[in-house]
Every structure is written in structure tokens, then in C-alpha cells.
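Trainee: Could you take me through one part of this model closely, please? I would like to look at the disulfide and then at what lies around the rest of the chain.

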Amino acid sequence: MPATVVFDTGSNWLVVTSDRCTLGCDTFAYDHNNSTMSVLHSTKPFEEQYGSADLMGYNYRDLICLFPINGTKEGFPCLDDFDFMAIW
């Protein structure tokens with residue numbers, strides 16, 4: 001599912017909004033139901049704090065592809081078994 005993300009170089013996680021968002025989410029970047037490779041690490045939600053952001057969600061493993069907004073997809077990576085946070 002394509003999504004525009006901003007990379008936070010001060011963090012060690014990729015964090016994306018998820019289909020589980022129920023409060024104040026107009027769009028989401030990740031829907032685990034649309035992936036045949038999605039793996040949920042734990043049924044217990046996580047809570048993390050990064051600066052002023054309080055995050056809640058689940059840790060997933062899935063295929064992640066990184067492409068520029070405008071330009072060719074050639075030469076850009078897809079990462080198998082990539083761990084990330086899907087927040088709500």
C-alpha cells in the first residue's frame with residue numbers, strides 16, 4: 001500500500017499509521033489484511049514515547065519497499081522481513 005513517510009533519523013524504528021486507527025485518522029499507511037507476508041509479533045499492543053509523541057500500536061514484520069515520490073523505482077530496495085511499528 002503506497003504511503004508518504006517522513007524519515008526520523010533520530011529514531012531506530014519505521015512508524016506508520018495503521019488500519020486499526022479509530023481516533024482522528026483520515027488515512028492510514030498500513031493494512032495488515034492486504035498483505036500475505038504480514039507477521040504480528042505480539043497480540044499485546046506496545047506503548048512508546050519519542051520526544052513529545054506518545055505512540056500505541058503493534059509491531060509487525062512485512063515486506064517494505066522504499067521508492068521516491070517522483071522518479072523511477074529501479075535501484076530502490078525492497079526489504080523482506082522488515083520490523084516496524086503500526087500505530088493507531
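**The disulfide and its surroundings**

Mentor: Happy to. By the sulfur-distance rule, the count comes to one disulfide, and please keep in mind that this is a predicted model. The partners are C65 and C78, with their sulfur atoms 2.1 Å apart. That falls inside the cut-off of 2.5 Å for a pair of cysteine sulfur atoms. About the S-S bond the angle is 110 degrees, and the link of C65 and C78 is right-handed. C65 lies in strand β4 and C78 in strand β5, so the link ties together parts that are 13 residues apart in sequence.

How buried or exposed are the two cysteines? C65 counts as partly exposed, at 33% relative accessibility. C78 also counts as partly exposed, with a value of 41%. Both values sit between the limits of 20% and 50%, so neither cysteine is classed as buried or as exposed.

The two strands also matter for the nonpolar core. The largest such core has nine residues: L14, V16, A29, Y30, Y58, Y60, I64, F84 and A86. Strands β4 (53-65) and β5 (78-87) each supply at least two residues of this core. The largest share, three residues, comes from β4. As a general point, nonpolar side chains in soluble globular proteins tend to be buried together.

Two of these core residues turn up again around S18. This serine lies in the loop between β1 and β2 (39-40), and S18 is buried, with a relative accessible area of 1%. Leaving aside neighbours within four places in sequence, S18 is in contact with F28, Y30, A86, I87 and W88. Of those, Y30 and A86 belong to the core.

Now to the outside. F7, L66 and L79 form a nonpolar patch on the surface, and together they have about 260 Å² of accessible area. F7 is placed in the segment before β1 (15-17). Its relative accessible area is 57%, so F7 counts as exposed, the limit being over 50%.

One last stop is K44, found in the loop between β2 and β3 (46-50). With 66% relative accessibility, K44 counts as exposed too. From C-alpha to C-alpha, K44 and G57 are 8.9 Å apart in space, and 13 residues separate them in sequence.

How values were computed. Residues are numbered from 1 along each chain as its sequence is written. This is a predicted model: local features need pLDDT of at least 70, side-chain atom pairs count only at pLDDT 80 or more; totals for chains, interfaces and linings use all residues. Side-chain values use heavy atoms; hydrogens and water are left out. A nonpolar core is a set of buried Ala, Val, Leu, Ile, Met, Phe, Trp, Tyr and Cys residues joined through side-chain atoms within 4.5 Å. Buried means under 20% relative accessible area, exposed over 50%, partly exposed in between (1.4 Å probe, protein chains only). Helices (H or I, at least four residues) and strands (E, at least two) are DSSP runs, numbered from the N terminus. Patches are made of residues with over 30% relative accessible area and no salt bridge: like charges are joined within 9 Å, nonpolar side chains (Val, Leu, Ile, Met, Phe, Trp, Tyr) within 5 Å. Accessible areas come from the Shrake-Rupley method with a 1.4 Å probe; for residues, only the protein chains shown count as cover. A salt bridge is a side-chain nitrogen of Lys or Arg within 4 Å of a carboxyl oxygen of Asp or Glu. Contact means heavy atoms within 4.5 Å.
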